[in-house]
Structures are given as structure tokens and as C-alpha cells.
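Trainee: Before I plan any bench work, I would like to go through this structure with you, one question at a time. May we begin?

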Amino acid sequence: MSLPEILAALMFVCGCAGLMAGYNVAFTLAGVSVIFAGIASALGLFDPSFFLSLPARIYPIITREILIAVPLFVFMGVMLEKSKIAEELLQNMGDLFGPMRGGLGISVIFVGALLAASTGIVGATVVTMGLLSLPTMLKRGYDIPLASASIAASGTLGQIIPPSIVLVILGDQIGNAFQEAQRSYGLESDAVVSVGDLFAGALLPGLILVGAYALYIFATAVLSPAKAPAQPWPDDTDAKELLWRSLKAMLPPIFLIVAVLGSILSGYATPTRGAALGALGAMLLAATRLTPEGQKWPLWSALALLALVALDLTGVDLRLAQTEWTTTEASAGVIAAILVLIGIIGTLIGTTRLLRNGQLGDVSRTTMHITGMVFVILIGATIFSLVFRGLGGDEMVARLMDSAPGGTWGAFALVMLVMFILGFFLDFIEITFVVVPLVAPPLLAAGIDPVWLGVVMAINLQTSFLTPPFGFALFYLRGVSPPEVTTSHLYRGVLPFIAIQLAVIALLIAFPVLVTGLVN
Amino acid sequence: MIGWVFLPLLSLPVVYLILPKQWLKTIISALIRTIDTLHYYLGEIVKWSLPLLVISVAASVFALSIFGTMTVKWLESAFYFQAVIILLGAAATLLAGQHVRVDVFYTNMSETARARVDLISFYLLLAPVCILILWNSQSFVGFAWNTFEGSAESNGIRGVFLLKTLIPIFAITMLLQGCAIALRAAMALNGEDRPERPKGMPSFFKGSSEAGL
């Protein structure tokens, strides 16, 4: 190893150690690298004029089309959460499936998978889910290890189920790494990897995980009913009324997520546009809840906009620029104009309601905080990578992976192990921004499928967040759980979930088609 | 050049730590309040870009994919909303303590230790990074202003130079907010009460005094 490379390695170690001190992540990463750049340029090993390109590297981050999906998805998730739509969904599912053994537990897994998707920050998701559902589960007599672990697990699950911001970020980074592999590592391919591809690839593995979790809870409930007791419907409820109430709470958010995902996977909308439709939909749903009975303008507006999309999907040519309007097209145009009008009026009314109620401001503030946090880390990680590369660290990593025993698969195993360990200390976003650009290009150049690599990395990290004693999710859940839940409860409960995770990773390695099958 | 203007301000936390004089405390309290209030309201204004972003992008989907009509200016507006949220909202995020920390050890530290981490890290990490960004963006932004750089598209928004100017502004606001937090840390280390925070903001280093601000 040459001197600059030793500095680069030291910088990586110091960066990780510095993060432990607890200062904010973005500036720790950037600051440590600036210190090392200073040392290196004092030794004449680093050219400080390298930093002149810094603003030119920050600028594309804030103006990249695909990354606009991040604030939009966060907005959607925060809106669903703050308007209590998520809470109601969980409550109603819990009531409805209560009489089934393990029903409440399965509802938690399901809601976690569905709604955690759009926020995608381990801490936030686990905390919300913990506050929302842990007290209820304990009240109904669920076994403490089972209840707490299923919440921790489902809180992390949302990360790999599309549409999640984690997949947006990872997809963007993998896409860049794939181009880098073609450019600098001589990979012969002119394919591009998009965020939509990663969504498609993650769909099946995500569903398999949800299914496996639910199956585990169901099996536990059947084998030892005391651990996940069934709870009959309250005496005075009318089955039909309960069913209707549950459906009313369940269908809109489920439909929203499915519609967003569908529009992206089918290629109707780019991830950014799909996210915007999702955010608008969440706004209209939240506004509908605020509206008194009888005046459901926001709901009509949402339906009108849906009808508009449906009309478009029939293939009618509604382009305003055309000169020849057939009768069908003209009448469809009139209908479309009316729908647009309803959509606009409903959106205006809905926005006003949310504005008066203060919800829009709150949701916007929280979304701004999360967005700011994500992107400042991205800026910090950019500075870190700039210095790391300036010192030749990327070549060192590539060489290290080259010399790993067992060739490509040895290197792959090494990368997975390192990411797993980093997952004890760092959140998804930091690891994605710092590690993926370094390790992915050589792996991809060796012929590993980019989408498959992204999905396996995501599940690997998710497992890491669940693994004692350092797992992120466990820490956060411990912070919000009632005192009777101890750390050892959590550790015991989470082991089966880790086993499920590892089994699914093994499954994906054995059958890569589970990931690649749906792509394109 | 710009860096020198900040020097007296940046040295204040350390000066106060060494010289905890009453008159200095008055100045510092006023300074913290000013910076906090400034960034709080900046954040409160900037956050409205988000609903605008949602509606702007959603509207463009309908207009573009159904009616096949859209202006480049409208499409480009999304970048402006996005940039404003990130670069101007970052200081408000720092003020609200929402930039993520690795809190494996931080949560278990004493309040004094946390204040120490924040004070030292400001000088070692945050300030150098912000000054570096500020320093290196001079020519970048200068070039953009020379030509009043606009969009690469002929009928796009002619405001790329403004967009690029947000980068040094980001560095300045982060530097100021980081400094305000370091000043609070210095006050905490001297065992004093800190000025009140804007409403809804969580407190830093609470517990070392009754007021806990």
C-alpha cells in the first residue's frame, strides 16, 4: 500500500469512529475527509484544487430529476401518518382479524410493510410502529418477545418494499455504479439501470418476506395459542357493519400505494411522477377525512383524477395540439375537461381544509426536515468520496476485492459482510451513499446483475438492522416501548426473524430469477 | 476573503468558554436568538415549497401524459422547489436537531459530554466543511452570474445563476446555525441557562440547569 492509500484507509476508519461520537452524520463524514485532505496536501499527496469541482458536484445532486421522488414519497408517507390514516388502518385490521389466531400480529406486519414504505428511515418507522401497535398487542396478551420483534421486523421491512425512498436512493446509486462499471472497468453492456427496475426487482422478494413473517406468526399462534391469543369481536358489533368500517379504512390507502406502484412498474409514470400522484392522493385522502359528511369534494376530485387516467389508458387521443378531432375524441375531451375541473376544485378545497387545520404546514415541516437530512448526508458523502478517490482509495478497494479469495463471489461475500457490520452503526442512507459507489462498480464489472445486487444489499442491510446487540431497529423500539419490555425479550424474539431473513437471502442467491424475473 | 468576515463570529464560542463575562453573555444570547429566529422563519417559509412541488409535478403528469401539453418552464420549476427545500431548509433542520446522529453512545452521554462533542465538532468538522464549500463556490457562482446563466433549454427558466447561488447561501446558513449551537454548547459548559428556543424546537443539552434550554 502506498502512503496516500494508507491515508485513505485511515480516513475510512476515522470516519466510522468519528460517527460514534454522535455529531451529525453529514458533517462528520465531510469534516473527517476535509481534515485528511488537509494532512495529505500538507504532505504534497493531495491537490487542494480538487475541491474546486465541489460546487459542480453538489449542484447535480439538488437538480437530479429522480431524486425529486424522495421528498414526494416522504410527503406521501408523512401525510398518511399525520392524518391518522395509518393508525386507523391498523386498528381496523386488528379488529377485523382479531378472531383469527395471530391476526393482530399479521395485521401489524401487513401495515408495516405497506406504510413504512414511503418514509424509509429505520428509526422513524420503528418508532411510529412501536407507539402505534405495541401497547395494543401487549394489552391483548401477546407474548412480549413475539410482539416486540414483529414490530421491529415490520418496521424495517418497509424499506425493501417498493415504493420506498431507500430503493429510490439505492437505485440511483446502483445506476451510477453500473455506468461507472461500463466506463472505467470495461464492462461490455449499454444497458441502464433505473429506479423503476429496482422497484420491480424488489417486489417479489419483499412479498416473500411479508409472507414468511406472517406465516411465522400464524404458525406460532397455532402451535402455542397463548403467545398470540385470538380476540373475538366485541359483543355489540354487527359483523356487516364492522366489515364495512374496516373496508372503508383499509381500501383507500391500500389502493393508493398499489396505484402508485402500478403506475411506476407499468411504465405509465416515472418514479418521480408516480410519487407526485401518490403525494397528491394522500393529500386528498387526508382532506376527505376532515370534510363533514355530505360534502366530499376532495374524494370526488381524487375519483375524477383517477377517471382521467382511466380515460387516458383507453387510448383516446386527447392531445390538445391535434387538428382533427373525431366525434369520440371530442366527446371524450369534454368529459376530460369536466373531470379536470372537478379535480382542480376538489384539490383547492382539500388544500384549503388542510391549510386551515394546520396539517399541511406540519406535514411540510416534517417532510422538509427529513428531506434536508437525506440530502445533506448526500452532500457530505460526496465530499467524503471525492477525497477518498483523490487519495486513490477506490483503486485500493478494487484491488482488495480482486484479491479476495474465491474470486467474484468471494468479493461479493466480503462486501456483504462489511455492509452487514456497518449496518450496526450507520443508517441505510449513509451506507448507500458511501459504500455502494466504491464496491458496486467492480462487482458489476465482474458480471453480477445490478438489480439483483441492489436487492440483496437491501435485504442484507435490513437484516443487519435487526441483529443484536447493535441492531438499529432494536434500539429505537427499546426507546419507545413500555418498561415491561426488556432488551432480552427483544433479542429472543428477533432471532426467528433473522433466520427468515437469512433464508430469503439464500433463496435469492439460489434463484436469482426471483429478482430479475420481473425486471422488464 | 469572505472567510475573514466570519472569523470574529466563529471564534465567539471559544472566546466565551475562556472569558465567561456578563456583557459577552448578553451579546451571545442576542446572537443565538437572532440566528435561531432567522432560520426558524426561513424554514417556515421554505416548507411551503413542498405542497407546491407536489401540485406542480402532479399537474404536469396530467397535462403532459393526457393532453400532451406542457411548458419547459413549468417542468423546470420542480428543480427550483427541490433546491430551495434542500439548501434553504437545511439550516432549519439543523436548528430542529433533525440531522441524523449515530446515537449508540450519544444517548448515554452526560449533558456536558454532549455539549463538548457539539462544540469541538463545530470547529473540527462543520466549520471547515462550510468554509470549504463557500471558498470553492466563488468562481462557480461568479461564472454563473457573469452570464446570468439560464436553463440549457431555450425556453426554460433563466434562473440557473440563482439556483447556483443557493450553494454558498447554504454554506453560510449552516455555518451560522452551527455557530449558534456551538454558542449554546459553550453556555452549557459554563453551566448557564440558554436563550429560549423558537416554539416547537426540541432543546439541546437539557438537564444541566432547571430551565433546560
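The questions and answers below concern the interface, the salt bridges, the nonpolar regions and the backbone of this predicted model.

Trainee: How much area is buried between chain B and chain A, and how many residues does each chain bring to the contact?

Mentor: As the model is predicted, these are computed values. Chain A brings 70 residues to the contact and chain B brings 66. Carbon and sulfur atoms give 79% of the area buried between the two chains, which is about 5900 Å².

Trainee: Which residues of chain B lose the most area to chain A?

Mentor: Three residues of chain B are to be named here, and together they make up 12% of what that side buries. They are F67(B), V100(B) and V102(B).

Trainee: How many salt bridges does the rule find across the interface, and which side chains meet there?

Mentor: Side chains of opposite charge can pair when their charged atoms come close. Across the interface of chain B and chain A, the rule finds 1 salt bridge. It has an N to O distance of 2.8 Å and joins R365(A) and E44(B).

Trainee: Which residues are joined into one network by salt bridges that share partners?

Mentor: Within chain A, R365(A) meets D362(A) at 3.5 Å, N to O. Within chain B, K47(B) meets E44(B) at 2.9 Å, N to O, and both of these residues are buried. Through shared partners, the salt bridges form one network of D362(A), R365(A), E44(B) and K47(B).

Trainee: Where do R365(A) and D362(A) lie, and is D362(A) buried or partly exposed?

Mentor: Both residues lie in helix α15 of chain A, which covers residues 359–390, and they are 3 residues apart, about one turn of the helix. Buried would require under 20% relative accessible area. D362(A) has 34% relative accessibility, so the residue counts as partly exposed.

Trainee: Is D394(A), the salt-bridge partner of R389(A), buried or partly exposed?

Mentor: The side chains of R389(A) and D394(A) meet at 3.8 Å, N to O. R389(A) has 30% relative accessibility and therefore counts as partly exposed. D394(A) has 18%, so this residue counts as buried.

Trainee: Which residues of chain B are in contact with H369(A), and is H369(A) buried or exposed?

Mentor: H369(A) has its place in helix α15 of chain A. Its relative accessible area is 10%, so H369(A) is buried. Leaving aside neighbours within four places in sequence, the residues in contact with H369(A) are A92(B), T93(B), A96(B) and Q98(B).

Trainee: Which members of the largest nonpolar core touch the most other members, and which helix gives the largest share?

Mentor: The core has 253 residues, among which F73(A) and L453(A) touch the most other members. The largest share of this core is 18 residues, and it comes from helix α7 (residues 160–189) of chain B.

Trainee: What is in contact with L453(A), leaving aside its neighbours within four places in sequence?

Mentor: L453(A) is one of the two residues that touch the most other members of the core. With those sequence neighbours left aside, its contacts are I174(A), F412(A), M416(A), A440(A), L443(A), L444(A) and I448(A).

Trainee: Which helix gives the most residues to the nonpolar surface patch?

Mentor: The patch covers about 830 Å², and its residues include M1(A), I39(A), I120(B) and L124(B). Of these, I39(A) is in helix α2 of chain A, and it is partly exposed because its relative accessible area is 38%. At least two residues each come from α1 and α2 of chain A and from α6 of chain B. The most, 3 residues, come from α1(A).

Trainee: Where is the cis peptide bond that ends at P163(A)?

Mentor: P163(A) is found in the loop between α8 (144–157) and α9 (165–184) of chain A. The bond has omega near 0 degrees and runs from P162(A) to P163(A).

Trainee: What are the phi values of K84(A) and F148(B)?

Mentor: K84(A) is in the loop between α4 and α5 of chain A, and F148(B) is in the loop between α6 and α7 of chain B. At 45%, K84(A) is partly exposed; at 46%, F148(B) also counts as partly exposed. Neither residue is a glycine, yet phi is positive: near 70 degrees for K84(A) and about 45 degrees for F148(B).

Methods
Residues numbered from 1 in each chain as written. Chains lettered and ligands numbered in written order. Predicted model: local features only at pLDDT ≥ 70, side-chain atom pairs only at ≥ 80, totals over all residues. Heavy atoms only, no water. Core = buried A, V, L, I, M, F, W, Y, C linked by side-chain atoms within 4.5 Å. Buried < 20%, exposed > 50% of the residue type's maximum accessible area, 1.4 Å probe, protein only. Helix = DSSP H or I, 4+ residues; strand = E, 2+ residues; numbered from the N terminus. Contact = heavy atoms within 4.5 Å. Salt bridge = Lys/Arg side-chain N within 4 Å of Asp/Glu carboxyl O. Patch = residues over 30% accessible without salt bridge, like charges linked within 9 Å, V, L, I, M, F, W, Y side chains within 5 Å. Areas by Shrake-Rupley, 256 points an atom, 1.4 Å probe, with all protein chains shown as cover. Buried area = accessible area lost by both parts, 1.4 Å probe.
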